[in-house]
Amino acid sequence: MPKERGHKVIVSNRKARHDYSILDTYEAGLVLVGTEVKSLREGRASLADAFATVDDGEVWLRNVHIPEYVQGTWTNHTPRRTRKLLLHRQEIERLIGKTKESGLSLVPLSMYFKDGKVKVEIALAKGKKSYDKRQDISKRDADRTISRALGRALKGRYND
């Protein structure tokens, strides 16, 4: 059987970019059992309400919902179990230092297959206030109108 190649996104956490300011991202491996991998291959997972913590020098992914594998037997996994993330020691020490700062947390952004292995992209993030969210929305709308006007001007259809 040939080795898998490429990058296939299983699930992404779009709400995280809305609720948090992303400061830094890390790619981490994930310790899984067989039925979890089979369930992920079917594209079934949820990162809603998921977060990561650093406990005793190890990084743990919590509240990720990977549903039970349909054809699984008594060896099936529990859907919301705590899963260990695999990072380099230097990265873990950097995360320990950063998360001790006030207001910083670890949020999973996406889960994907990379060359047949399950990876998680986690971000060091700071929570946004409601006025920050409104500013981002208004900035995005302004950028959109500017790009539309520029596109019309470049096509020669701008009549003002």
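This tour visits a nonpolar core, several salt bridges, a pocket and a few individual residues of a predicted model.

**Stop 1: the largest nonpolar core**

Begin by selecting L40, L85 and M111. Within the largest nonpolar core, which has 27 residues, these three touch the most other members. Next, colour the elements that give two or more residues to this core: the strands β1 (7–12), β2 (20–30), β4 (58–62), β6 (104–114) and β7 (117–127), together with helix α3 (89–99). As a general background to this stop, nonpolar side chains in soluble globular proteins tend to be buried together.

Keep M111 selected and display its surroundings. With neighbours within four places in sequence left aside, M111 is in contact with V9, I10 and V11, with L30, L40 and L47, with V64, and with V118, K119 and V120. One of these contacts, L40, is also among the three residues that touch the most other core members.

Apart from this core lies another one, of five residues; to find it, select A16, V107, L109 and A125, which are among its members.

**Stop 2: a salt bridge between distant parts of the chain**

The whole structure contains eight salt bridges. Select E36 and R81 for one of them, in which the closest N and O atoms are 2.9 Å apart. Which parts of the chain does the pair link? E36 belongs to helix α2 (residues 34–41), whereas R81 sits in the loop between β4 and β5 (83–86), and the two are 45 residues apart.

Are the two partners buried or exposed? E36 has a relative accessible area of 0% and is buried. R81, at 25% relative accessibility, counts as partly exposed.

**Stop 3: salt bridges within helix α4**

Move to helix α4 (residues 130–155) and select K139 and D143, which both lie in it, four residues apart, or about one turn of the helix. Their salt bridge brings the closest N and O atoms to 3.3 Å apart. K139 is exposed, with a relative accessible area of 52%, while D143, at 40%, is partly exposed.

Now select R144 and D141 in helix α4, three residues apart, again about one turn of the helix. Here the closest N and O atoms of the salt bridge are 3.4 Å apart. R144 is partly exposed, with a relative accessible area of 38%, and D141 is also partly exposed, with 35%.

Before leaving the salt bridges, add R83 to a selection of E36 and R81: salt bridges that share partners join these three residues into one network.

**Stop 4: the largest pocket**

Select N13, D19, Y20, D49 and A50. Of the 14 residues that line the largest pocket, these lie nearest its centre. The elements that give two or more residues to the lining are α1 (14–19), β3 (51–55) and β6. The pocket has a volume of about 230 Å³.

Colouring the lining by class shows nine nonpolar, two polar and three charged residues. Strand β6 deserves a second look, as it gives two or more residues to the largest core and also to the lining of this pocket.

**Stop 5: two residues with positive phi**

Most residues other than glycine have a negative phi. Centre the view on D49, which is not a glycine yet has a positive phi of about 65°. D49 lies in the loop between α2 and β3, and at 63% relative accessibility it counts as exposed. D49 was already met among the residues nearest the centre of the largest pocket.

Then go to N63, another residue that is not a glycine but has a positive phi of about 65°. N63 is placed in the loop between β4 and β5, and at 30% relative accessibility it counts as partly exposed.

**Stop 6: S39 in helix α2**

Finish by selecting S39, in helix α2. At 0% relative accessibility, S39 counts as buried. What surrounds S39, leaving aside its neighbours within four places in sequence? S39 is in contact with R44, I66, P67, E68 and Y69. Add V70 and draw the distance between the C-alpha atoms: S39 and V70 are 31 residues apart along the chain, and these atoms are separated by 7.9 Å.

Technical notes:
Residues are numbered from 1 along each chain as its sequence is written. This is a predicted model: local features need pLDDT of at least 70, side-chain atom pairs count only at pLDDT 80 or more; totals for chains, interfaces and linings use all residues. Side-chain values use heavy atoms; hydrogens and water are left out. A nonpolar core is a set of buried Ala, Val, Leu, Ile, Met, Phe, Trp, Tyr and Cys residues joined through side-chain atoms within 4.5 Å. Buried means under 20% relative accessible area, exposed over 50%, partly exposed in between (1.4 Å probe, protein chains only). Contact means heavy atoms within 4.5 Å. A salt bridge is a side-chain nitrogen of Lys or Arg within 4 Å of a carboxyl oxygen of Asp or Glu. On a 1 Å grid over the protein atoms alone, a cavity is a set of points where a 1.4 Å probe fits but cannot get out, and a pocket is an open set with protein on both sides within 12 Å along at least five of seven lines; lining residues have an atom within 4 Å of a point. Grid points are joined across faces, edges and corners, and a volume is the space filled by probe spheres set on the points. Ala, Val, Leu, Ile, Met, Phe, Trp, Tyr, Cys and Pro count as nonpolar, Asp, Glu, Lys and Arg as charged, and the others, Gly among them, as polar.
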